[in-house]
Amino acid sequence: MELLLDWKSIGSVLATFMFVRTAILEFLPPEIYQVLKRLFSRIFSSLQPSVSIIVEEFDKSVTNEVYEAVQFYLSSQCFSSAQVLKLSRPKNSKNLTFTMDANQMLHDTFDGFKVNWSFHTVEKKSSSGILGYPTRFYQLSFHPKYKEKIHSAYIPHVMEVAKIIEFKNRERKLYTNRSSQDDYMLWTFVPFSHPSTFDTLAMDPVLKQEIKEDLIKFKNRKEFYTRVGRTWKRGYLLYGPPGTGKTSLIAAIANFLEFDIYDLELTAVMSNSQLRKLLISTSSKSVIVVEDVDCSLDLSDRKKKDGKGEVEAKEELEKSRPGGNSNNRSTVSLSGVLNFVDGLWSSCGGERLMIFTTNQKEKLDPALLRPGRMDKHINLSYCEIAAFKTLMKNYLNVEKHDLMKVAEEMLPLVKMTPADIAEVFMGCDDAADVGMKNMVDKMRKRLCCTIEEDTSIAELQMKNMEKEEDPFSENRKPVEEKEENPVAEEQTPIAEKVEAEFAKGRESNRVGSESNNKNMTDD
Ligand SMILES: Nc1ncnc2c1ncn2[C@@H]1O[C@H](COP(=O)(O)OP(=O)(O)OP(=O)(O)O)[C@@H](O)[C@H]1O
């Protein structure tokens, strides 16, 4: 009988509990329900044994990197489990960021165990009782039996995930030393947003693919570089006439690798030691660029043939520069630059690509060009048909056109850089017919000029040769006789020459398409 009573009372307790629960869910405002839920979960969790780790924002006034990492990590985790979130987008950043609000609790699961994160803000009083800046910190709580796992696996996991998220979210930067006046502000920066990519780049497709593969290999070979005892860096030399896309290629590379760019103006660097400071203040995952290196410093052969030393030669170069005077003269030397590229200091940090550009490769010292310093020599030259098609697609939004055949025949005869072609297409506001007509007109004009120029050079050479001829020689022809000759080469009408050049162009197109690409060399 007593047992029956007990079962009855249990049944009525359960029924009451169900009734109260339904009443709470139905009638209690959700805000109050949430508060009660949190209160109960805190009471229960405080009854369980737990260990806490505090991660403060500052460590002796210096920003705590772990705090930043936790912030990144939790921003990716908190959307699903935190109750109240803060939403922000840092200026110029491409992504939205969610952060936890103060006193919020967040649960995370890792490798089968649970941990709790909470965020707090407290205002600490100084010894004199004055309230200081608020101290912000994250608190990580977990069961004591997971202490070892937290230390050896969970925290490294948080740091790794944070690194990946930070890299994806971060705003890439373009640094320059051009406007820096003193040692304290070596680099100034702006957000890097150059639109050039490998898709928009007009260049030989084989060369493009080769460069992309080389970059991918470089990026994925951290272990390889460690194994063979080399610093994780690579040097490219881009050379070719102005307007062939050296700067555009650098921007495309930085966008491809998602690296920052450091644009190093050597003439603004006062000494080798300042050069070293600039180098060690660059971050990893960056492209360091020295444009027009032949114009920056005298980096020709160190052993001057005329007996002048490096310093003397540099002095001369400085004097020859506009506004150059001895007071603000740079004392950066070739050896300083060589050390910058692959000296001991260049091994600080990692994952760095150094790119030097020049219009005159032959002016550079072989020491700078050797493998290990410049690992790849990339020749960017005048526009060929594949590059022309890319520009047509970019600027005129067409892949085929009636005038394509004519342009294709003339292109090998006229030395046009991608910049020349881009300029013509730019003025056509997407109108493909106008763009192609203007292009062909420009090519014709250039072809005529080239032929006229060649003709007058040939005439001049002929005259000079005649002047130099031995006046007593029996074979010597009088100049007048040559000028009167109606079938002389220089008197062929320009139109005929253009036609002859076209024939040459057709031939060279055929040969060009058969030849292997020789524009990128491993040095
Ligand atoms: N290969 C290319 N693909 C697409 N656009 C190009 C290319 N080359 C040049 N251009 C166009 O021409 C302009 C000038 O090119 P860029 O500055 O890259 O040439 P450069 O070789 O670095 O010239 P310089 O040697 O004078 O510095 C660019 O803004 C771009 O619009």
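This is a short tour of the ligand site and two helix pairs that include its helices, in a predicted model.

**Stop 1: the ligand**

Select the ligand and the shell around it. That shell holds 14 residues. Pro242, Gly245, Thr247, Pro418 and Ala419 come nearest. Next, colour by element. Two elements, α7 (246-257) and α15 (418-426), each give two or more residues to the shell. Now colour the shell by class. Seven of its residues are nonpolar, six are polar and one is charged.

Where does the ligand lie relative to domain 2 and domain 3? Show domain 2 as 173-379, and domain 3 as 385-467 + 485-516. Both domains give residues to the shell, so the ligand lies between them.

**Stop 2: α13 and α15**

Keep α15 selected and add helix α13, residues 385-396. The two pack at an angle of about 30°, and their axes are 10 Å apart. With angles under 35 degrees counted as roughly parallel, α13 is therefore roughly parallel to α15. Their crossing is right-handed.

Turn on side chains for the contact. From α13, pick Ala387, Phe388, Leu391, Tyr395 and Leu396. They meet Pro418, Ile421, Ala422, Phe425 and Met426 of α15. This contact has 10 nonpolar residues, no polar ones and no charged ones. Pro418 links this stop to the first: it is also among the residues that come nearest the ligand.

**Stop 3: α5 and α7**

Go back to α7 and add helix α5, residues 205-219. Here the axes come within 11 Å and cross at roughly 45°. α5 and α7 are therefore oblique to each other. This crossing is right-handed.

Which residues of α5 meet α7? Select Lys212, Leu215 and Lys219 in α5. Across from them, in α7, are Ile253, Phe256 and Leu257. By class, the contact has four nonpolar residues, no polar ones and two charged ones.

Notes: Residues numbered from 1 in each chain as written. Predicted model: local features only at pLDDT ≥ 70, side-chain atom pairs only at ≥ 80, totals over all residues. Near = placed C-beta within 6 Å. Helix = DSSP H or I, 4+ residues; strand = E, 2+ residues; numbered from the N terminus. Nonpolar A, V, L, I, M, F, W, Y, C, P; charged D, E, K, R; others polar. Domains from an automatic or database assignment. Axes fitted to C-alpha atoms, helices over the stretch in contact; angles between N-to-C directions. Parallel < 35°, antiparallel > 145°, perpendicular 65-115°, else oblique. Left-handed = near helix turned anticlockwise from the far one by under 90°. Contact = placed C-beta atoms within 7 Å.
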